[in-house]
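Open the model in your viewer and keep the sequence panel to hand. We will go from one selection to the next, with a short note on what to look for at every stop.

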Amino acid sequence: MSRFVPYISEEAIEQDAAALLAEYAHARGVVIQPPVPIEDIVEKHLKLGIEFDDAHKLFGVPRNPERGADILGAIFFDERRIVIDESLDPEERPGIEGRYRFTLAHEGGGHWRLHRAIFAKDPAQAALFGTPEAPSVICRSSEAKKREELQADFYASFLLMPKSLVIAAWRERFGSAKPRILRLRDRIHLPDGAGDEFVEAVNRLEQQREEGALNEFVRPLAEKFLVSMVAMRIRLERLGLLHREVPRQGSFVVGS
């Protein structure tokens, strides 16, 4: 049986993430600076255990070798325990640390703070998995658009990339909080009478070029906050600091 997850505004989610950071800073007597110490917040402040395991094997879901991990993490509210899929272990794969940190903030921040009153002690899930120790929430890439998953993603973004710290880092890099426009030029010109499949392929290529350029532009900030380039790009765009524009001709530049 599924549980109803109420609507929560982005503003309310961001306020709770900021409150969590303030609680942690007060309790530890520290000033939060990037990168946000997410493991310390989860383990020492929220008192949640973190484990790595083969999540697909643990929960009896076949792993697709072509698509990689579908289950990234799960949380057991009543046991105060988080399981992260072993594919995200930063000790084994340092290059995936940003994704690991986001998953940890998603579970230990988003789901713990927003959803434990909804999903804790769910007998229906226990029956489904045939064990009294069934996870309260299993997070799957294939279910990323579910309301609770979107809310937890927003929470993770706000927690790892607080608005004030991102703007401060932006000012440090550019000297002001003025937005920047990424202009990707030299577009591929389509020949007359190009078929639909060719047009679609070219459009995909240009989208990939644009995404790649945007990601590379945000790399220094992503490294500063220890998040993925995609996560940082989305955060900057939603804050209105980074805009994309694709003029018809010229060369690739970044400017105001």
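## The whole chain

Begin with the cartoon view: the protein chain of this predicted model has a secondary structure of 9 helices and 7 strands. Colour the chain by accessibility next, and 43% of its 256 residues count as buried. A contact map is a helpful companion here. Among contacts in the protein chain with a separation of 6 or more, 71% are between residues 24 or more positions apart.

## The four-stranded sheet

Now select the strands S1, S3, S2 and S4, which in that order make up an open sheet of 4 strands with mixed pairing. At its edges are S1 (49-53) and S4 (137-140), each of which pairs on one side only. On average, neighbouring strands of this sheet are turned by 15 degrees against each other, direction ignored. As a reminder while you look along the backbone, strands of a sheet pair through backbone hydrogen bonds, either parallel or antiparallel.

Zoom in on S2 (residues 71-76). How many of the residues of S2 are buried? The count is 6 of 6, so S2 is mostly covered.

Show the partners of S2 next. With S3 (residues 81-85), strand S2 pairs in the antiparallel sense over 4 bridges. S2 and S4 also pair in the antiparallel sense, again over 4 bridges. Pick glycine 73 to see both pairings from one residue: its bridge partner in S3 is isoleucine 84, and its bridge partner in S4 is cysteine 139. Step to alanine 74, and the bridge partner in S3 is valine 83.

Follow the chain from S2 into S3. These two strands form a hairpin with 4 residues between them. Stop in the turn at arginine 80, which has a positive phi of about 50 degrees.

## A buried aspartate

Select aspartate 70, in the loop between helix H3 (55-58) and S2. Is this aspartate buried or exposed? Its relative accessible area is 17%, and the cut-off for buried is under 20%, so aspartate 70 is buried. Leaving aside residues up to four places away in sequence, aspartate 70 touches His56, Cys139, Arg140, Ser141 and Ser142. Show those side chains as sticks. You have already met cysteine 139 as the bridge partner of glycine 73 in S4.

## Helices H2 and H6

Move to helix H2 (residues 38-45) and highlight Ile38, Asp40, Ile41 and Val42, the buried residues of this helix. What do they pack against? The elements are H1, S1, S3, H4 and H6. After H2 comes lysine 47, with a positive phi near 60 degrees.

From there, go on to helix H6 (residues 147-160). Draw a distance from the first C-alpha to the last: this helix of 14 residues reaches 20 Å, close to the 20 Å expected at 1.5 Å a residue. H6 is mostly covered, with 10 of its 14 residues buried. Among the buried ones are Glu148, Glu149, Gln151, Tyr155, Phe158 and Leu159.

Leave leucine 159 selected and add alanine 19, which lies in helix H1 (residues 10-28). Their C-alpha atoms are 9.6 Å apart, although 140 residues separate the two along the chain. Alanine 19 is partly exposed, with a relative accessible area of 30%.

## The largest pocket

Switch on a surface or pocket display. In general, rolling a probe the size of a water molecule over the atoms shows where empty space is left. The largest pocket holds about 770 Å³ of space. Its lining has 26 residues, and those nearest the centre are Phe102, His106, Asp153, Ala231 and Ile234. Colour the contributing elements too: helix H4 (97-119), S4, H6 and helix H9 (229-238) give two or more residues to the lining.

## Last stop: arginine 183

Finish at arginine 183, found in strand S5 (residues 180-183). With a relative accessibility of 18%, arginine 183 counts as buried. Add alanine 213 to the selection and draw the C-alpha to C-alpha distance, which is 9.3 Å. In sequence, arginine 183 and alanine 213 are 30 residues apart.

Definitions and conventions:
Residues are numbered from 1 along each chain as its sequence is written. This is a predicted model: local features need pLDDT of at least 70, side-chain atom pairs count only at pLDDT 80 or more; totals for chains, interfaces and linings use all residues. Side-chain values use heavy atoms; hydrogens and water are left out. Two strands pair if DSSP finds at least two bridges between them. Axes are lines fitted to C-alpha atoms, for helices over the stretch in contact, and angles run from 0 to 180 degrees between N-to-C directions. The expected span of a helix is 1.5 Å times one less than its number of residues. Buried means under 20% relative accessible area, exposed over 50%, partly exposed in between (1.4 Å probe, protein chains only). Contact means heavy atoms within 4.5 Å. On a 1 Å grid over the protein atoms alone, a cavity is a set of points where a 1.4 Å probe fits but cannot get out, and a pocket is an open set with protein on both sides within 12 Å along at least five of seven lines; lining residues have an atom within 4 Å of a point. Grid points are joined across faces, edges and corners, and a volume is the space filled by probe spheres set on the points.
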